[in-house]
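Reader: I'd like to go through a few labels on this one and hear the reasoning behind each. Can we take them one by one?

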Amino acid sequence: MSKRPADECPYPRPFPTGFHDCPAYRSQLLLPLDSRYRPLAPERTCQHLQVGNGSAAGRFYGRCAVGTAEDRRRWADPERERLLAEIEALQEAMQARVGQLTQEMITAKGVQLAAFSSLGQGTGVEAATAEVQRIARLYTVEIEALFEEQADRLQRLNLPIDTLMELFRVVFERWVPQRSMETPVIPDELVERFPEQAWWLLRPRSPAR
């Protein structure tokens with residue numbers, strides 16, 4: 001039997017609501033599409049979960065971006081747990097504020113991807129992209145209003161509102177025209193505009209590295 005990768009996620013998926021068995025777990029809602037770009041039921045995943053390449057060709061596994069079990073153990077500390085509680089509260093507020101818009105945006109993105117792949121039924125790429133862009137603009141307005149309401153929490157998280165909004169604009173600028181559902185990688189130069197204490201929220205990394 002081949003040895004399991006040291007950075008493989010050992011937990012069954014999808015992660016249940018309230019899952020906290022892993023010290024590095026960070027809840028994220030996955031909004032998948034089927035083979036015809038139609039939205040499927042949302043699933044709970046982890047922001048640190050990535051696709052890893054196995055030792056054999058064509059073999060893949062669920063890789064933890066934080067690293068090994070020891071890296072995950074070191075990831076946990078009381079201050080980070082406090083900040084994670086703040087993040088979870090912020091995510092709940094975001095879901096309440098823009099959850100419906102998020103579903104509409106994912107549906108519109110599916111229509112756009114279908115148009116890109118010639119599976120669209122009378123919807124051109126230009127019109128489909130314009131609809132994704134329209135919803136993204138609405139989302140940006142709503143999320144900025146939410147951030148103003150959550151200013152005290154964002155301050156505790158070392159997340160300046162103006163820089164945070166720039167992050168959203170850059171991500172949407174890249175995501176709207178791209179031919180996939182994947183969230184674009186946040187550029188290093190944008191991450192470095194945030195206070196260093198907030199970098200771990202934006203880019204998964206092990207405290208040991």
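Reader: Why is Asn-158 called partly exposed?

Author: This is a predicted model, and in it Asn-158 has a relative accessibility of 26%. Buried would need under 20% and exposed over 50%, so with 26% Asn-158 counts as partly exposed. Asn-158 sits in the loop between α4 (151-156) and α5 (161-175).

Reader: What makes the phi of Asn-158 worth a remark?

Author: Its sign. Most residues other than glycine have a negative phi. Asn-158 is not a glycine, yet its phi is positive, near 60 degrees.

Reader: And what is the peptide bond between Arg-13 and Pro-14 called?

Author: That one is cis, with omega about 5 degrees. Most peptide bonds are trans. As for location, Pro-14 belongs to the segment before β1 (27-30).

Reader: Back to α5: how do you know that its length agrees with what a helix should span?

Author: Count and compare. α5 has 15 residues, and at 1.5 Å a residue, taken over one less than that number, the expected span is 21 Å. The end C-alpha atoms of α5 are 21 Å apart, so the two values agree.

Reader: Which residues of α5 are buried, and what do they pack against?

Author: The buried ones are Ile-161, Thr-163, Leu-164, Met-165, Leu-167, Phe-168, Val-170, Val-171, Phe-172 and Trp-175. These buried residues of α5 pack against α2 (78-116), α3 (125-149), α4, α6 (188-191) and α7 (199-202).

Reader: Why does Gly-62 count as buried?

Author: The cut-off for buried is under 20%. Gly-62 has 14% relative accessibility, so it counts as buried. Gly-62 lies in strand β4 (residues 60-64). Leaving aside neighbours within four places in sequence, Gly-62 is in contact with Asp-7, Glu-8, Cys-9, Arg-13, Leu-49 and Gln-50.

Reader: How far is Gly-62 from Arg-44?

Author: Their C-alpha atoms are separated by 14 Å, and the two residues are 18 apart along the chain.

Reader: How many cavities of 30 Å³ or more does a search of the whole structure find?

Author: Just 1. The largest cavity holds about 70 Å³ of space.

Reader: What lines the largest cavity, by class?

Author: Its lining has 9 nonpolar, 1 polar and 1 charged residues. Among the lining residues are Cys-9, Pro-10, Tyr-11, Phe-15, His-48, Leu-49 and Arg-72. Arg counts as charged, and Arg-72 is part of that lining.

Methods:
Residues are numbered from 1 along each chain as its sequence is written. This is a predicted model: local features need pLDDT of at least 70, side-chain atom pairs count only at pLDDT 80 or more; totals for chains, interfaces and linings use all residues. Side-chain values use heavy atoms; hydrogens and water are left out. On a 1 Å grid over the protein atoms alone, a cavity is a set of points where a 1.4 Å probe fits but cannot get out, and a pocket is an open set with protein on both sides within 12 Å along at least five of seven lines; lining residues have an atom within 4 Å of a point. Grid points are joined across faces, edges and corners, and a volume is the space filled by probe spheres set on the points. Helices (H or I, at least four residues) and strands (E, at least two) are DSSP runs, numbered from the N terminus. Buried means under 20% relative accessible area, exposed over 50%, partly exposed in between (1.4 Å probe, protein chains only). Contact means heavy atoms within 4.5 Å.
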